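Reader: I'd love a close look at a single part of this model, please. Could you pick one residue and follow it outward into the rest of the fold?

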Amino acid sequence: PGRVLAVGDGANDVELLEGAAVACAVTTAAPAVLALADHVVGPPASGGWAEVLALVGRPAGWPTSIGAA
């Protein structure tokens, strides 16, 4: 648990986020998920995954968004 970063948006993610060292919620997440979040990031289509990777460090050469060419 001390090295786990979790990302969630729905009520089904609450237990996952509670057990993570760092909890991230998507901006459109359920209120219960947002309440648990250490960080709030954008949705994947808007570069949210890049925001998550920036929290832990993104290796050089990785795309900044899902589906980038």
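Author: Happy to! The protein has three helices and three strands, and along the sequence they follow the pattern β-α-β-α-β-α. Please keep in mind that this is a predicted model. Its mean pLDDT is 86, with 81% of the residues at 70 or more.

The residue I would pick is Leu-5, which sits in strand S1. To place that strand, start with the sheet: three strands form an open sheet in the order S1-S2-S3, with parallel pairing. S1 (5-8) and S3 (39-41) are the edge strands, each pairing on one side only. On average, neighbouring strands are turned by 25 degrees against each other, direction ignored.

On its paired side, S1 is joined to S2 by four bridges, and the two strands run parallel. Leu-5 itself stands opposite Val-22 in S2. Across the sheet, S2 (residues 22-26) also pairs with S3 in the parallel sense, over three bridges; there, Ala-25 has Val-40 of S3 as its bridge partner. S2 is mostly covered, with four of its five residues buried.

Is Leu-5 itself buried, partly exposed or exposed? Its relative accessible area is 28%. Buried would need under 20% and exposed over 50%, so Leu-5 counts as partly exposed.

Now for its contacts. Leaving out residues up to four places away in sequence, Leu-5 touches Val-22, Cys-24, Val-52, Leu-55 and Val-56. Val-22 and Cys-24 fall within S2, while Val-52, Leu-55 and Val-56 fall within helix H3 (residues 48-56). Leu-5 therefore has heavy atoms within 4.5 Å of residues in both elements. As a further distance to check in your viewer, the C-alpha atoms of Leu-5 and Gly-19 are 9.3 Å apart, with their positions 14 residues apart along the chain.

H3 deserves a moment of its own. Its buried residues are Gly-48, Ala-50 and Val-52, and these pack against S1 and S3. Val-52 thus appears twice in this account: it is one of the buried residues of H3 and one of the contacts of Leu-5. Just after the helix, Gly-57 takes a positive phi of about 100 degrees. H3 also has the lowest mean pLDDT among the elements, 85, whereas helix H2 (residues 31-36) has the highest, 97.

What about the largest nonpolar core? It has eight residues: Ala-6, Val-14, Leu-17, Ala-20, Ala-23, Ala-25, Ala-29 and Val-33. Helix H1 (14-18) and S2 each supply at least two of them. Membership requires a residue to be buried, so the partly exposed Leu-5 does not qualify; its sequence neighbour Ala-6 is in the core. In a regular strand, side chains alternate between the two faces of the sheet. Another core member, Ala-29, touches Gly-8, Asp-9 and Leu-34, again not counting residues up to four places away.

Finally, some whole-protein values for context. Buried residues make up 28% of the 69 residues, and the protein exposes about 4300 Å², of which carbon and sulfur atoms supply 59%. Of the contacts between residues at least 6 apart in sequence, 9% join residues at least 24 apart. The pair Leu-5 and Val-52 is a nice one to display if you want to look at S1 and H3 together.

Note on methods
Residues are numbered from 1 along each chain as its sequence is written. This is a predicted model: local features need pLDDT of at least 70, side-chain atom pairs count only at pLDDT 80 or more; totals for chains, interfaces and linings use all residues. Side-chain values use heavy atoms; hydrogens and water are left out. Two strands pair if DSSP finds at least two bridges between them. Axes are lines fitted to C-alpha atoms, for helices over the stretch in contact, and angles run from 0 to 180 degrees between N-to-C directions. Buried means under 20% relative accessible area, exposed over 50%, partly exposed in between (1.4 Å probe, protein chains only). A nonpolar core is a set of buried Ala, Val, Leu, Ile, Met, Phe, Trp, Tyr and Cys residues joined through side-chain atoms within 4.5 Å. pLDDT is the predictor's confidence in each residue, from 0 to 100. Accessible areas come from the Shrake-Rupley method with a 1.4 Å probe; for residues, only the protein chains shown count as cover.
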